[in-house]
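Biologist: Could you take me through one part of this protein in close detail? I would love to see how two packed helices are described.

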Amino acid sequence: MTYLQTLFGWLGDATWGWALIPFLVVLGGAFTLLSGFVQLRYFGRMWGVLSDGGDRDGGVSSREALLVSIGGRVGGGNIAGVAVAITLGGPGAVFWMWVVALIGMATSLFECALAQLYKRTEPDGTFRGGPAQYIRHGLGANFSWLAVLYAICLLASFGLGFSAFQGNTVAVAAQDSLGLDPIWVGLGLALVTLVIVFGGIKRIARVSDVIIPIMAIGYIVLALAVIVLNLTEVPQALWTIVANAVGLEEAVGGGIGAAVSQGMRRGLFSNEAGLGSAPNVAAAAAVPHPISQGIVQSLSVFIDTIIICTCTALVILLGDVYVPGATDVDGVALTQQSLVGHLGDWSQYFLTGAVLLFAFSSIIYNYYLGETALTVLSDTKIARLLLRLAVPLVVFLGAAAPGATAVFFFSDPLMGLLALVNLLALAMLFPVGLRLLADYRRQLRAGAVEPVLEISDYADLDLDRDAWAAPARTRPLG
């Protein structure tokens, strides 16, 4: 066990420590420049998906796929992660979270568009895809080993490891605020998870369609109440963020370097752009053109970091709890105490409820990622049944046994490795992504309200013809 911990510790240092963040930023910057700032060009079209909630033959709607992705992205990173970034990097870290999110919107657009392009039709008529599929079918048989490596990392880190962490988060929050026994919390959470995961992607999407708007809008409303109560101080808080980010003011040791490092790292942890997780969900949607879903998925990055993380940052900076340079109160405790200072003791219970919903949405999201990975390794009914039984068990263990999550020490390092594999594939397939984007733009210039992929134009690629035989005609997004 000591040898394994050392090995995965080295892997974590090699990926998150020095390789992954520069690769993500450089590649995201290249995508942004070479695409002509696509995330800004189509920013208005992103929001049209929020009114698109109809059923889809063969897949979930664009909005449902978006909400499942938001449910996975939005979580502890938006509440505890922002607080940690401010504590260790100063208020300026928030600015660099914004920067990495704006760059990541382009990365997310291309990875999700490629997942759509190379998606496969399941026996039940639904779609499945993601980095493993666009590696295997986009890069060819010589790279099948890379697809398998990605699938193993995805299954182990998201499908199992992070589910235990989320179960533990729910149990701790419920015990601290409500005094509930972690064993009973874990049992209840496991049973609900069991019911949902046996319903497949469509049930997961329906559940997300209900709980994600509730938790996101509720948290944003709470933060807006704080902002309104302190409206005259908001400009100063925003100035503090910018001034700390560019070195005009220094809040913590390390100055601008600490702000850049913490902001970028926490931003990437929060929005997951480029990590290869969201494309697995994006591929399940039935849309007329791959770029359409790519544009939609960029919105989840914007909502996660620019909106929700900023709300958390303002709640902290407008309060009296945060003291620059002090580390005695950080994480979720800093956010929770700041809310109590603004709105009173009742707000901590609301925040607990938000944490519960955030964690639960992440659990069902993580399960679907694990199921997608499993189809690459062993696409059998028995294997899928074992996974559907294993995930609720892992959730229960994470919730009921505080020390159990230490067993999943491999999760972060494997997530770093799968991100590097995904970014390598994105770099190699970027010409295909630009080809899709050019096709999308050409149809818009020709007057199309909503571009449609013509499968005959991509006869040279290894695509699933059945998945694109009759493109879904959805409501206009413009």
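Modeller: Happy to; here is a helix pair, with a little on the whole protein around it. This is a predicted model, in which local features need pLDDT of at least 70 and side-chain atom pairs count only at pLDDT 80 or more, while totals for chains, interfaces and linings use all residues. Residues are numbered from 1 along each chain as its sequence is written, and side-chain values use heavy atoms, leaving out hydrogens and water.

The protein has 18 helices and 2 strands, taken as DSSP runs numbered from the N terminus (helices H or I, at least four residues; strands E, at least two). Of its 478 residues, 60% count as buried, meaning under 20% relative accessible area with a 1.4 Å probe, protein chains only.

Two packed helices are described by the angle between their axes and the distance between the axes. For helix H6 (residues 92–117) and helix H18 (residues 411–445), the axes come within 9 Å and cross at roughly 80 degrees. H6 is therefore roughly perpendicular to H18, a label that covers 65 to 115 degrees. The axes are lines fitted to C-alpha atoms over the stretch in contact, with angles from 0 to 180 degrees between N-to-C directions.

In H6, the residues that meet H18 are Thr107, Phe110, Glu111, Ala113, Leu114 and Leu117; contact here means heavy atoms within 4.5 Å. Their partners in H18 include Asn422, Phe430, Gly433 and Leu437. By class, this contact has 11 nonpolar, 3 polar and 1 charged residues, with Gly counted as polar and Asp, Glu, Lys and Arg as charged.

Methods
Angles under 35 degrees count as roughly parallel, over 145 as roughly antiparallel, 65 to 115 as roughly perpendicular and the rest as oblique. Buried means under 20% relative accessible area, exposed over 50%, partly exposed in between (1.4 Å probe, protein chains only).
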